[in-house]
Amino acid sequence: MSYSYSTIIVGAGLTGLSTAALFEKKHKDYFLIEKDTEIGGKIKSSDIEGWSIDRGFHVFIKEYPNLSLFPDLKRCELINFEPGFIIIKNQKAYKNINIFKKFFNGLIHNNFPGFSLKDKFLILKLSLVPPNYLPKSNSVLEFLQEYGFSKEFINDFFINFFQGVFLDKKLDVPLSYFLFIFKMFSISDVGIPKGGIKEIISIISKKIPESKIKTGVSINKIYKNKIVTDEGNEYYFKKLICTDSLLEKKFDATIKKNLFGEICYSSTKCFYFIVEPENNPENIIHLLPQSELISSLYFRKRNSKEMLMSVSTLNCETTVEDVEKQILEHFPKINIIKFQKSFEIQKALPKNKKFFNYNNENFCKYNENIFFAGDFLSNPSINGCLESSKSVVRFLS
Ligand SMILES: Cc1cc2nc3c(=O)[nH]c(=O)nc-3n(C[C@H](O)[C@H](O)[C@H](O)COP(=O)(O)OP(=O)(O)OC[C@H]3O[C@@H](n4cnc5c(N)ncnc54)[C@H](O)[C@@H]3O)c2cc1C
């Protein structure tokens, strides 16, 4: 079979869907193709025994500037996290509340002995850094040292909190991106949508008529003006937008430039357990600086008898037994009722700094009629996907 469209978008992850929804708003002709049978790409949730479980720990930040593209995203109902975190050290739990959001609670609760008064002052100061601030260093860890934070604070808070966000213990992201994400966590409501992170996808996909999306179609080869699917169907295009860097591998030799071959990705594995509530505080991020394995952990209550415990690690080789052992070391009184499910996400977040905010445009004009957009060309976040979609649509309109 042969089809023809003015613009074809490949990939119905957040970037592809938001690009399609923006074209729809502008009454532009487009068609969206996805290889999976389900839309959403990396943003997916599963309903398991009454729990909505995200495939990879995600949080939603209400102050992301690009949510203004789709204002109903801002109205999405969240299970809010308490602003701050609990740090577990030497089997003791210390609660640290974000002073910026809850000033008085922050003053009372922040009792972790490792955080000096100077660290607390500097963290407030860092929240107020203006967007055009130009630090000397471009490495996040060097910058934090130069800024004056103590070694303990950098290790126990910054590395532990942000390794879960960037999926990288070295926090090796552009400093401007780190400062942006830090600010978002400082000022914004942060949480998980009530129906799981997939609600974001559901809100955006409702803006696209069903007739303009086709799932279960995998692209096998990409030529100058047509794509060929695994089944041998041909789709002709005037413009093509690819939303996955790996699609470049499908390009015919006459158009291939090997531009994205060097992009590498971090990976993560997320485990869900059902535990007895005991005294586990829910909806607040727990940091475990003494754990080599666990990058983030949180609890969510379902009823008086059951809590969901989500544990993420940056090492995909980690087994359920490894995680259980670590949990019991840090929470000796915890009663794990059962292991629920784990998700391994290879190729989770793009890592190369070179491609962040690519050429200040957040998308790539590959040739006259082929474009790339996605988190790997802006930054690996919901806000980054929206930024890339916005830029490519503006360019093509
Ligand atoms: C574990 C994890 C946690 C995260 N946590 C957060 C968070 O807390 N907050 C936040 O803001 N962001 C978070 N992110 C980042 C955010 O989820 C991603 O930036 C976003 O989902 C990327 O969307 P995308 O559309 O650019 O790419 P993708 O979701 O990868 O979409 C690309 C799509 O292209 C399709 N495709 C690929 N090849 C083909 C082909 N040959 N034919 C047809 N279709 C094809 C794929 O199937 C996929 O659906 C997290 C990401 C992960 C993985």
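Visitor: How do you know that the radius of gyration of the chain agrees with a compact globule?

Guide: This is a predicted model, so let's set its value against the rule. For 397 residues, a compact globule would come out near 21 Å, and the chain has 22 Å, which agrees. Its C-alpha atoms fill a box of roughly 65 × 50 × 35 Å along the principal axes.

Visitor: What makes up the fold, in helices and strands?

Guide: You've got 10 helices and 20 strands in the chain. Of contacts between residues at least 6 apart in sequence, 69% join residues at least 24 apart.

Visitor: How much of the chain counts as buried?

Guide: Buried residues are 40% of the 397. To count, a residue needs 20 or more other C-beta atoms within 10 Å of its own.

Visitor: Why are α1 and α10 called oblique to each other?

Guide: Helix α1 (residues 14-25) packs on helix α10 (residues 382-396) at about 40°, with the axes 9 Å apart. Roughly parallel needs an angle under 35 degrees, and roughly perpendicular runs from 65 to 115. The pair fits neither class, so α1 and α10 are oblique. As for handedness, α1 passes α10 in a right-handed crossing.

Visitor: Which residues make that contact?

Guide: On the α1 side they include Leu14, Leu22 and Phe23. From α10, Ile382, Leu386, Lys390 and Val393 are among them.

Visitor: What makes up the contact of α1 with α10, by residue class?

Guide: It divides into eight nonpolar, five polar and one charged. Lys counts as charged, and Lys390 of α10 is one of the contact residues.

Note on methods: Residues numbered from 1 in each chain as written. Predicted model: local features only at pLDDT ≥ 70, side-chain atom pairs only at ≥ 80, totals over all residues. Helix = DSSP H or I, 4+ residues; strand = E, 2+ residues; numbered from the N terminus. Rg over C-alpha atoms; globule rule 2.2 N^0.38 Å. Buried ≥ 20, exposed ≤ 12 C-beta atoms within 10 Å, placed from the backbone. Contact = placed C-beta atoms within 7 Å. Axes fitted to C-alpha atoms, helices over the stretch in contact; angles between N-to-C directions. Parallel < 35°, antiparallel > 145°, perpendicular 65-115°, else oblique. Left-handed = near helix turned anticlockwise from the far one by under 90°.
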